[in-house]
Structures are given as structure tokens and as C-alpha cells.
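User: I would like to work through a structure step by step. Please show it first, and then answer my questions with the reasoning included.

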Amino acid sequence: MIAVDAPASDPVPLIELRRVSKIYGSGVAEVRALDGVDLQIQEGELVAVMGPSGSGKSTAMNILGCLDTPTQGSYRFRGVPVESLDRNQRALLRRHYLGFVFQGFNLLNRTSALENVELPLIYRRIPRAERHRLAHEALAMVGLTGWEHHSPAELSGGQQQRVAIARAMVTQPSLLLADEPTGNLDTARSHEIMALLTGLNRERGLTVLMVTHEADMAAYAHRVIRFLDGRVVDVVASGGPG
Amino acid sequence: MLWNALLLALREIRRNMLRSVLTILGIVIGVAAVIVMVTLGDGATRQVASQIESLGSNLLMIRVGQRMGPGQRSNAPAFSLADALAIRRDVRAARAVAPSSSTSLTAVVGNRSWSTTVTGTDDAYFTVRNWELEVGRLFSISDLRGGRAVCVIGATVRRELFGAMDPIGETIRLKSMACQVVGLLRAKGQSTMGMDQDDLVLMPLRTYQRRIAGNQDVNLIQVSVRDGFSTEETTKELERLLRERRNISASEDDDFSVRDLKEITNMLTGTTRVLTALLTAVAAVSLLVGGIGIMNIMLVSVTERTREIGIRLAIGALEREVLLQFLVEAVALSSLGGILGILLALGASIGLAQLLNLPFVFNLGIVLIAFFFSAAVGVIFGYFPARRAARLDPIEALRHE
Ligand SMILES: Nc1ncnc2c1ncn2[C@@H]1O[C@H](COP(=O)(O)OP(=O)(O)OP(=O)(O)O)[C@@H](O)[C@H]1O
Ligand SMILES: [Mg+2]
């Protein structure tokens with residue numbers, strides 16, 4: 001196990017996992033999806049997560065996104081232990097600080113791209129006109145101008161993925177958790193998305209944690225964290241963006 | 001928060017048009033079926049009751065002989081006018097006493113003829129049977145005393161013999177007698193048993209006895225009981241009086257019968273009430289089937305809804321926001337279905353009532369029951385699966401299969 005040292009200048013990391021385990025099933029069917037993970041991520045970092053299939057990347061992302069609860073260990077967000085928050089507080093944490101791009105997109109069926117992107121804004125009580133403007137902007141950012149009124153069924157996998165990215169970004173979260181955000185995109189599109197993420201990271205200080213299988217994409221990150229069998233096995237400083 | 005929930009719910013309804021329409025349809029059919037059936041049943045009951053009422057209120061019918069079976073009576077000496085007068089004098093509960101005798105005869109006017117029932121009676125007949133005159137007059141004292149050849153006719157007889165002509169003052173031939181029409185009765189229509197009540201010719205009893213029957217017999221005495229007196233008590237009193245007058249010893253049975261019209265009323269309204277209950281049962285089944293339909297649609301969509309709830313929770317919706325949205329949606333759909341069902345039912349019942357010639361009786365109770373039942377089904381099966389889903393961890397809801 002490798003402890004991730006926080007830079008001395010920033011004593012409270014944005015994210016801190018301490019000996020986090022996630023166990024599915026029990027007895028012979030027991031699966032340790034995460035097995036004592038320690039992890040720290042500072043505000044403003046762009047971090048890539050890599051590792052073979054089944055190594056626990058998505059499980060970790062779900063826990064960091066407050067969508068799932070760890071079996072053991074503690075998760076602090078800006079120093080606040082998430083275990084101590086109730087369901088509503090965790091929902092508000094998601095609403096105000098987190099953007100999540102799911103591996104399987106998880107868009108609402110039979111709902112236009114625009115309405116999908118608007119959805120988090122509705123829960124934030126953004127007025128209608130403002131909501132429309134922000135949603136249009138977010139879709140333009142991921143190159144989907146002209147596709148606003150198509151439903152997920154009428155969009156390609158890559159387009160759906162970009163709608164999911166737009167939905168995660170439209171609220172201007174502090175932390176973007178993206179589970180393979182470029183998994184369905186061609187190389188050119190992937191680089192566009194990465195350019196977008198690095199831009200937001202630089203200009204707005206958006207912290208990004210993203211799962212990827214591609215070394216090309218991981219190369220945009222400041223650091224690369226490697227998972228294997230539910231453990232963090234390696235953390236390497238990457239070249240970083242630019 | 002409510003406004004937001006309404007916004008989300010309306011989006012959801014629009015997004016799932018087919019599901020929404022099917023849900024509404026289930027409620028519409030259930031609600032409409034119950035209301036239509038109960039309304040028509042009530043109408044039928046009301047009609048039967050009012051038809052019987054039109055025969056005369058609190059009416060006792062005294063006939064000679066005992067009923068032996070359908071259409072058969074035992075033989076016994078007829079009543080006389082004196083019997084009727086004795087009742088009029090001695091029975092305080094009797095508001096009006098109408099002695100009468102009837103027979104079937106062919107009535108002729110010019111070259112038209114019509115077979116009808118001719119009844120000899122007196123003015124009390126109009127009271128006991130609730131008859132009113134359309135035009136003309138009733139029998140006068142001198143008509144009755146002198147046995148004059150005058151008659152009052154029903155609407156059917158008028159139509160068949162006179163057409164549109166004014167019958168007053170015209171002459172009808174009955175057997176060998178000529179009789180002048182002095183009055184026309186207001187039409188009553190068919191009786192509950194489907195008999196034409198307007199097919200009759202009435203004349204003074206004395207005229208009938210002398211010119212048609214050729215005897216002094218009275219076959220039927222109808223007694224209208226005063227309000228506030230029980231028909232049962234009056235029946236007993238009549239039986240006592242008549243047994244005495246007819247010299248029936250204590251060991252013998254009555255050779256006449258007193259029939260209370262209220263019994264017939266109760267019997268017939270009882271029958272329609274059973275019918276209404278039956279219709280209501282059928283309607284309740286259709287309401288239940290509608291409810292099961294709604295339930296199925298809601299349950300089938302649970303997987304999809306659970307996933308959707310997972311998505312909403314994941315992007316920061318609170319449990320109570322999601323629940324409020326689904327509750328608003330279920331209530332909106334159910335109420336819309338309920339209201340459409342009520343409108344449809346009212347339209348259909350008014351139409352059917354007209355078609356079947358029944359009075360339209362608005363039954364608020366059943367409208368409310370039907371509405372709240374279907375709304376409850378919609379809300380329960382729309383809301384509770386949503387509640388279960390909203391209590392899951394978002395990731396659990398998203399993984400739901
Ligand atoms: N709901 C679950 N129930 C049981 N086991 C699970 C569940 N979710 C994940 N697992 C198991 O946990 C392990 C880690 O899964 P995870 O989805 O985190 O992998 P991953 O690193 O994201 O893989 P991939 O690159 O294929 O997305 C796997 O062995 C998987 O079988
Ligand atoms: Mg994964």
C-alpha cells in the first residue's frame with residue numbers, strides 16, 4: 001500500500017480515503033472490490049485512475065461520488081467525514097460540489113439531451129431562462145450544438161457520453177468524477193474532451209478525477225493512480241497537461 | 001418545492017405518454033362503469049316506485065273470493081253498494097271508498113271500434129287512483145243517483161275512437177247502450193307490469209249495473225287509507241267488518257281478500273334493488289379490474305422508474321423531492337382519470353337514461369367512492385414503489401434490474 005503524500009502547502013485535501021474497503025457478498029462469494037485503499041487528492045489536481053478491468057476503479061469512484069458507502073474505512077470530503085452525513089446531506093453534497101460521469105452514462109430515456117443536462121439545474125432551483133442558457137452552453141462545450149432535442153436513443157454512444165459530461169459540468173462542480181469519459185470516443189474527440197477538462201482545470205480550478213484505459217489520456221493528468229485487485233499499487237507523477 | 005415537483009411530474013407524464021394514457025384509461029373505465037350502473041339502477045328503482053305511486057297511495061283493494069293461483073279466484077257472492085257504504089260510514093281510516101264493477105266490451109263510435117275495459121264506479125274512484133281530468137267534468141250527483149248514460153274515458157280510448165277530435169259531448173256505443181262522454185282523463189302511461197292504464201271507460205256504478213251487467217254486484221272495493229293510519233290496521237278492520245256483513249262464522253275462512261298495494265310496491269322495489277345490487281357488483285368488479293390495470297402498469301414500470309430515481313438521486317435530488325414528484329404525478333394522473341371518468345359516466349348515464357326512459361338519479365356517494373378508490377389505487381401503486389426506490393443508495397437504484 002502506498003500512501004499518497006499531500007503537498008505540505010495544503011493541509012486539508014479535497015478528498016481523503018483512509019483504509020477504505022468495499023466487500024460484496026459474503027462467505028465463498030465474497031468479493032473485495034476495494035481492499036484498504038488510501039488516497040488523497042488536493043484541490044485543483046487533475047488525476048487519472050488506471051488499472052485492469054475489475055480492479056475496483058468504478059467502485060472507488062462511486063464511493064468518492066457519495067453514491068455508495070464503503071464497508072470499512074473513512075472518506076473525508078474537505079475534511080468532513082462523509083460517514084457522519086445523513087442521506088440528505090450527502091445528496092446536497094452531490095448537488096452542490098460533485099459532477100459525475102457514469103461509465104454507463106445513465107441518461108434519462110425518452111428525454112432530450114437538453115432536458116437531461118437541465119435536470120441538475122432544476123434541483124438547484126435555477127430559473128428557467130438561466131437553465132436553458134447554461135444547458136445550451138454546456139452542450140456547445142462538448143460539441144453537441146444542434147443535438148439538443150434528440151433523446152438518448154437517437155444519439156450515438158459517443159454523443160450520449162458527451163451529454164453525460166455536459167450534465168456533470170453544467171452545475172460548475174468543485175470536483176468532477178468521470179468514469180471513462182472518453183471510453184466511447186474517437187481519438188480526435190477524446191483529445192477535444194481532454195482539452196476541455198484541462199482548460200476547466202486550469203481556468204476554474206476544477207478538480208478532476210477520471211478513469212481511463214488509454215495512456216494518451218492519462219498523459220493529460222498531473223498524477224496517475226494505478227489500481228490492481230482493489231488496491232492502489234502505484235502513483236506516478238505524469239507529465240501533466242501541456 | 002411543490003412547483004418544482006409539479007414541473008418534474010408534468011415532464012414525466014408527457015415523457016411517458018403511453019403509460020400515462022393507459023393509467024388514466026384504467027381509472028376512467030373503472031369510475032365510469034360504477035357510476036353508470038349505479039345511476040341507472042337508482043333510476044330504475046325510482047321509476048318503479050313512482051309508477052306504483054301513480055296507481056294510488058295507500059291503496060287497499062278488496063276483491064270477492066280468495067286468490068287460488070294465477071288468474072283464478074274461488075267463487076263467492078259479490079259485494080253490494082251497501083258494503084261500500086258501510087265501509088265509508090264505519091271505517092274511520094278510509095279517506096275514500098270506491099266500489100266498482102268492470103267488464104271487457106267493444107266501444108263503437110261511427111265506424112271505429114275499440115275493445116276496452118268498462119268500469120262502473122263513483123267519484124271516489126278518481127281519488128283512490130289519483131286520476132286527474134284533462135278536460136270535461138267528473139260524474140255529478142244526478143249522474144250517479146239517476147244512473148245517467150254518461151262516461152269518462154282514458155287517453156287511449158280517446159285516441160282510438162276519436163283521434164284528434166274533441167270527445168266531450170260525443171256519444172259512444174257500448175253493447176246496446178249509448179253513452180255520452182263528459183270527461184277525458186289525463187294520460188298515465190304504462191303501469192309497472194306493462195299494462196296500459198289509459199285504456200278504460202268509466203261510468204256511474206248504477207248505470208253500469210242497470211244497462212251493462214244487469215245485476216247489483218260490486219266486484220271490487222278500493223279503499224284509500226288516510227295519512228297517519230296504518231294500512232295493516234285498516235286491513236284488519238275491513239276484514240272484521242266484511243266478515244260480519246257477510247255472515248262468516250269464526251271457523252270459516254274469508255271469502256274475500258284485502259290486498260295492500262304497499263306489499264306489491266315493496267316487492268317490486270325489492271326486485272329492482274336486487275338488480276341494482278347486482279349491477280353494482282358487476283361495476284365493482286370493473287373498478288377492481290381497472291385498478292389492477294393501473295397497478296400492472298405502475299409495477300411494470302418500476303424497474304425503469306427505479307433506475308430513473310437512481311439517476312435523480314445521483315445528480316443531487318433529495319429523497320423527499322423525488323417522492324413529492326412521484327406523488328404529484330400519481331395524484332395528477334389519478335385525478336385526471338377520475339374526472340374524465342365522472343364526466344364520461346354522467347354523459348353516458350344521462351344518454352342511457354333517456355334511451356331507456358328512466359329518470360336520471362345523481363348519486364354523489366358512488367361518484368365519490370369510485371373517484372377515491374381509483375385515485376387511491378393510482379397513488380398507492382404509483383407512489384409506494386417510488387418510495388421504496390428513493391430509499392435505496394443511488395448506486396443500488398441504478399443497478400436495479
Ligand atoms: N454490485 C456488485 N456486486 C458484486 N460484486 C461487484 C458489484 N460491483 C462490482 N463488483 C465486483 O467488484 C469488482 C470491482 O468492480 P469495478 O466495477 O469497480 O471494476 P472496474 O475497475 O471499474 O472495472 P472496469 O474497468 O471493467 O470498469 C469486480 O470484481 C466486480 O465483479
Ligand atoms: Mg468500471
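The questions below concern a predicted model.

User: Which residues coordinate the magnesium ion (ligand 2)?

Analyst: The model is predicted, and its magnesium ion (ligand 2) has coordinating atoms at 1.9 to 2.3 Å. The atoms concerned are OG and OE1. They belong to A:Ser58 and A:Gln103, respectively.

User: How many residues apart in sequence are the parts that this pair ties together?

Analyst: A:Ser58 lies in helix α1 (residues 57-64) of chain A. A:Gln103 lies in the loop between β6 (98-101) and α3 (113-123) of chain A. The pair therefore ties together parts whose separation in sequence is 45 residues.

User: Is A:Ser58 buried, partly exposed or exposed?

Analyst: Buried means under 20% relative accessible area, and exposed means over 50%. The relative accessible area of A:Ser58 is 23%. A:Ser58 is therefore classed as partly exposed.

User: Which side chains have an N or O atom at 2.7 Å or 2.8 Å from an oxygen atom of ligand 1?

Analyst: A polar contact needs a pair of N or O atoms within 3.5 Å. At 2.7 Å from an oxygen atom of ligand 1 there is an N or O atom in the side chain of A:Lys57. At 2.8 Å from an oxygen atom of ligand 1, the side chain is that of A:Gln103.

User: What percentage of the accessible area of ligand 1 does the protein cover?

Analyst: On its own, ligand 1 has 630 Å² of accessible area. The part of this area covered by the protein is 67%.

User: Which element gives the largest share of the shell around ligand 1?

Analyst: The elements that give two or more residues to this shell are β2 (31-41) and α1 of chain A. The largest share is three residues. It comes from α1(A).

User: Which chains share the site of ligand 1?

Analyst: Around ligand 1 there are 15 residues, and among those that come nearest are A:Ser53 and A:Gly54. The surrounding residues do not come from one chain alone, so the site is shared. The chains are A and B.

User: How many residues of the shell around ligand 1 are polar?

Analyst: The shell divides into nonpolar, polar and charged residues. Four are nonpolar and three are charged. The number of polar residues is eight.

User: How far apart do the C-alpha centres of domain 1 and domain 2 of chain B lie?

Analyst: The domain assignment of chain B gives domain 1 as 2-51 + 266-399. Domain 2 is given as 96-225. The distance between their C-alpha centres is 57 Å.

Note on methods: Residues are numbered from 1 along each chain as its sequence is written. Chains are lettered from A and ligands numbered from 1 in the order in which they are written. This is a predicted model: local features need pLDDT of at least 70, side-chain atom pairs count only at pLDDT 80 or more; totals for chains, interfaces and linings use all residues. Side-chain values use heavy atoms; hydrogens and water are left out. Domain bounds come from an automatic or database domain assignment. Donors are N, O and S atoms within 2.8 Å of the metal (3.2 Å for Na, K and Ca); water is not among the atoms, so sites may look incomplete. Helices (H or I, at least four residues) and strands (E, at least two) are DSSP runs, numbered from the N terminus. Buried means under 20% relative accessible area, exposed over 50%, partly exposed in between (1.4 Å probe, protein chains only). A residue is near a molecule or strand if one of its heavy atoms lies within 4 Å of it. A polar contact is a pair of N or O atoms within 3.5 Å; within protein, one must be able to donate a hydrogen and the other to accept it, and residues adjacent in sequence count only if both atoms are side-chain atoms. Accessible areas come from the Shrake-Rupley method with a 1.4 Å probe; for residues, only the protein chains shown count as cover. Ala, Val, Leu, Ile, Met, Phe, Trp, Tyr, Cys and Pro count as nonpolar, Asp, Glu, Lys and Arg as charged, and the others, Gly among them, as polar.
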